[in-house]
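Trainee: I have a structure here and would like to work through it by question and answer. Where should we start?

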Amino acid sequence: MSVSPRRVSLFNVANVLISAGSPHRVLIAVVAVAAGALACRDTTTPKEFSKTAPTGAAETMGVGFTSTLIARGNLGTFHMQSKAGGYDVELKSHDNTDVAVANIDIAAGGSSGWHSHPGPVLVVVKSGTITFYRADNPNCAADVYGPGTSFTEQGGLVANATNQGADAVVAVATFLAPPGAALRIDAPKPANCS
């Protein structure tokens, strides 16, 4: 029996397996196929927001840039003020909020491509040096962040993180975003950046 190379449903796979083997082997095979299908699914970005490459003519694509989601969860709305040992911090969200954490890797000579985020991002540079361009800088001058430094990205701000050094960049980013929203929004290169 042959199966056409076109896409088949799990139900069809089960029927093929039932006709070819014993029931307990079929159950194991169906569970394995289902697990494989779910493992390949993009669980970090809703399907309607997901795209593999920029779709607008002016959008830029990252090169040598990888963002690997570690975890994402919903925090809801929150207002927290922490005063401990003379250290005072306040965090507040008026809207339902997801918190996501990702490992960021930029190869030597690589860049994130021009993009923005739907909410604020906190970035910690573990190794290497990020040269960061922001569209809101009139001269598009870069800010440079080395190992052990941190910076923030404001939601909606178009920016490009580059690695102009010889060593790979490793960083960790913490995103605050609307529930289920894509964490990255591709953007065209700003007119003030040559």
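Mentor: The model is predicted. Start with the bond between C140 and C193, which form a disulfide.

Trainee: How far apart are the sulfur atoms of C140 and C193?

Mentor: A disulfide is a covalent bond between the sulfur atoms of two cysteines. The cut-off for the two sulfur atoms is 2.5 Å, and by this rule the count comes to one disulfide. In the pair C140 and C193, the sulfur atoms are apart by 1.9 Å.

Trainee: How many residues apart in sequence are the parts that this pair ties together?

Mentor: C140 is in the loop between strand 5 and strand 6. C193 lies in the segment after strand 10 (185-186), so the disulfide ties together parts whose separation in sequence is 53 residues.

Trainee: Is the disulfide of C140 and C193 right-handed or left-handed?

Mentor: The handedness is read from the torsion about the S-S bond, which is about 95° for C140 and C193. The disulfide is therefore right-handed.

Trainee: Is C193 buried or exposed?

Mentor: Buried means under 20% relative accessible area. The partner C140 has 9% and is buried. C193 has a relative accessibility of 6%, so C193 counts as buried.

Trainee: What is the phi of C140?

Mentor: Most residues other than glycine have a negative phi. C140 is not a glycine, yet its phi is positive. The value is about 55°.

Trainee: Now the strand before that loop. How many residues of strand 5 are buried?

Mentor: I130, F132 and R134 point one way from strand 5, while T131 and Y133 point the other way. Residues on both sides are buried, so strand 5 is largely enclosed by the rest of the structure. The count of buried residues in strand 5 is five of five.

Trainee: Which residue of strand 8 is the bridge partner of T131?

Mentor: Strand 5 pairs with strand 6 (residues 142-145) through four bridges in the antiparallel sense, and there F132 has D143 as its bridge partner. Strand 5 also pairs with strand 8, again antiparallel and over four bridges. In strand 8, T131 is matched with T162.

Trainee: Which residues form the covered face of strand 7?

Mentor: Strand 7 (residues 150-153) is joined to strand 4 by four bridges, and the two run antiparallel. One of the bridge pairs is V121 with E153. S150 and T152 make up the uncovered face of strand 7, and the covered face is F151 and E153.

Trainee: Is the ring pair of F132 and F151 stacked, tilted or edge-to-face?

Mentor: A search of the whole structure finds two aromatic pairs. In the pair of F132 and F151, the ring centres are 4.8 Å apart and the planes meet at 45°. Planes under 30 degrees apart count as stacked and those over 60 as edge-to-face. The pair of F132 and F151 is therefore tilted.

Trainee: Which strands hold F132 and F151?

Mentor: F132 and F151 are both buried. They are 19 residues apart, and the pair links distant parts of the chain. F132 is in strand 5 and F151 in strand 7.

Trainee: What is the angle between the ring planes of Y145 and F151?

Mentor: Y145 and F151 are both buried, and ring pairs link F132, Y145 and F151 into a cluster. The ring centres of Y145 and F151 are 4.3 Å apart. The pair is stacked because the planes lie at 20°.

Trainee: Which strand supplies the largest share of the largest nonpolar core?

Mentor: That core has 19 residues, and I130, F132, F151 and F175 have the most contacts inside it. Several strands each supply at least two residues, among them strand 2 (87-111), strand 5 (130-134) and strand 9 (169-177). The largest share, five residues, comes from strand 9.

Trainee: What percentage of the residues of the protein chain count as buried?

Mentor: In soluble globular proteins, nonpolar side chains tend to be buried together. The protein chain here has two helices and ten strands, and its accessible surface comes to about 11,900 Å². Of its 194 residues, the buried portion is 28%.

Note on methods. Residues are numbered from 1 along each chain as its sequence is written. This is a predicted model: local features need pLDDT of at least 70, side-chain atom pairs count only at pLDDT 80 or more; totals for chains, interfaces and linings use all residues. Side-chain values use heavy atoms; hydrogens and water are left out. A nonpolar core is a set of buried Ala, Val, Leu, Ile, Met, Phe, Trp, Tyr and Cys residues joined through side-chain atoms within 4.5 Å. Buried means under 20% relative accessible area, exposed over 50%, partly exposed in between (1.4 Å probe, protein chains only). Accessible areas come from the Shrake-Rupley method with a 1.4 Å probe; for residues, only the protein chains shown count as cover. Two strands pair if DSSP finds at least two bridges between them. Rings of Phe, Tyr and Trp (its six-membered ring) pair if their centres lie within 6.5 Å; planes under 30 degrees apart count as stacked, over 60 as edge-to-face and the rest as tilted.
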